[in-house]
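Visitor: I should like to examine this structure with you, question by question.

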Amino acid sequence: MTAFYTGLSPAQQQQLTYRGLDTATAFWTQAKIDLFGKRSLTQQNPGLPNPFVVSLETINSALDTPYFAGGQSQVLGGFGSDYAAQHSDITSKGILESLPHDNIHNDVGGFMGAFLSPIDPVFAVHHANIDRLWTVWDGMQQIRRLRTRPWSQGDVWYDEPFVFFTDSTGSAVMLNTAGAYSEIGSFNYIYTQGSPLDMASSAMTATMPTEGRRVTGTIRSAEMNFARPAVSRITVPIAQHVRAHITIEEPADPGAIRFHVLVNPPQNAVTIEATHPSYAGTIQFFGRMANHRHPQTFTVPLENALERLRRANALPGGHEVILEIQVVPQARGIALRAMPAVHVRKIEVSWF
Ligand SMILES: [Cu+2]
């Protein structure tokens with residue numbers, strides 16, 4: 001392991017240092033932790049705990065996001081993450097990463113929930129689908145006549161190198177920047193049937209909004225437990241798309257907790273049933289980033305839960321709606337005696 005680590009280029013060692021793996025010992029210590037992690041999903045136990053996080057309505061909400069990256073003036077948040085100085089930085093995650101991407105990693109478990117996730121063959125299938133959805137989004141953006149790539153700081157994004165990119169012989173690939181592979185034309189394949197794009201092209205109009213709004217709510221009980229969720233009340237106008245941006249401080253053992261997000265749940269009832277109309281999604285910490293233990297922002301679509309509540313006559317009429325957003329932490333895996341302290345820093349809502 002020492003020979004491997006010291007054989008890395010300065011650029012590669014820098015990337016690992018960004019992630020706190022700044023010595024061969026630190027790298028090997030983390031690899032051993034990952035090695036002994038067991039898959040939660042197995043042949044005998046193949047069911048995802050929250051299939052809703054990969055439902056078509058969740059995917060469609062992600063695909064309806066009109067910008068590549070959020071942050072700065074793009075207050076709605078992006079299809080991908082918000083702008084960051086480089087790719088190990090903590091930044092706000094879009095819907096695709098917050099729900100399908102992260103939940104699959106952690107819920108498959110074992111290597112998939114860890115820094116060395118590409119070791120698990122399931123990784124290739126999972127990321128092939130994430131890539132496919134990116135291509136679907138590109139096609140939808142073209143129909144909407146909106147940009148498929150960053151509109152500012154684009155050069156930073158295009159020039160970002162992937163320094164661990166090697167060919168089948170282990171030699172470094174020279175064409176290794178994000179920009180070199182930003183179009184599917186660079187690859188020798190295309191996607192054909194079975195994507196939402198087939199339906200989208202006929203149903204979609206080219207009138208996506210160019211701007212939206214975002215407001216911050218005040219949080220009650222930021223220090224939460226299962227019986228006492230973090231709650232925020234925010235009044236928003238009736239809009240087609242409504243998203244919650246939830247900032248949570250990374251807990252000491254992030255892999256042990258998932259967070260359920262509910263909108264306007266029944267009074268005094270904590271329900272985390274994904275079939276309840278109020279259930280909006282589940283988020284969990286994934287990925288080894290720089291500044292480990294810093295807060296992370298997740299994006300959860302509320303529009304589908306609101307539509308279900310509307311159909312159940314559980315939302316009052318009018319031009320505005322008061323949203324009560326609850327974030328309910330739940331211990332996963334082995335039962336914990338006491339929920340470790342977890343803090344919700346911020347709950348924002350954007351709409352367009
Ligand atoms: Cu991934």
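The following exchange concerns a predicted model.

Visitor: How many helices and strands are there in the chain?
Guide: The chain has 352 residues, of which 32% count as buried. Among contacts with a separation of 6 or more, 70% join residues 24 or more positions apart. The chain's secondary structure comprises nine helices and ten strands.

Visitor: What distance separates the end C-alpha atoms of helix H5, and what span should its 14 residues have?
Guide: Helix H5 covers residues 95-108, and at 1.5 Å a residue it should span 20 Å. The computed distance agrees with this expected span, because the end C-alpha atoms of H5 are 19 Å apart.

Visitor: On which residue is the kink in H5 centred?
Guide: H5 is mostly covered, with 14 of its 14 residues buried. After the helix comes Gly 109, whose phi is positive, near 75°. Within H5 there is a kink of about 30°, and its centre is Asp 102.

Visitor: Which residues touch the most other members of the largest nonpolar core?
Guide: This core has 32 residues. Elements that each supply at least two of them include strand S5 (242-248), strand S6 (257-263) and helix H9 (303-311). The residues touching the most other members are Ile 246, Val 261 and Leu 302.

Visitor: Which residues does the second, separate core include?
Guide: In soluble globular proteins, nonpolar side chains tend to be buried together. Here a second core, separate from the largest, has 15 residues. Among them are Val 53, Tyr 67, Tyr 83 and Leu 96.

Conventions
Residues numbered from 1 in each chain as written. Predicted model: local features only at pLDDT ≥ 70, side-chain atom pairs only at ≥ 80, totals over all residues. Helix = DSSP H or I, 4+ residues; strand = E, 2+ residues; numbered from the N terminus. Buried ≥ 20, exposed ≤ 12 C-beta atoms within 10 Å, placed from the backbone. Contact = placed C-beta atoms within 7 Å. Expected span 1.5 Å × (residues − 1). Bend = angle between axes of the 7 residues up to and from the residue. Core = buried A, V, L, I, M, F, W, Y, C linked by C-beta atoms within 7 Å.
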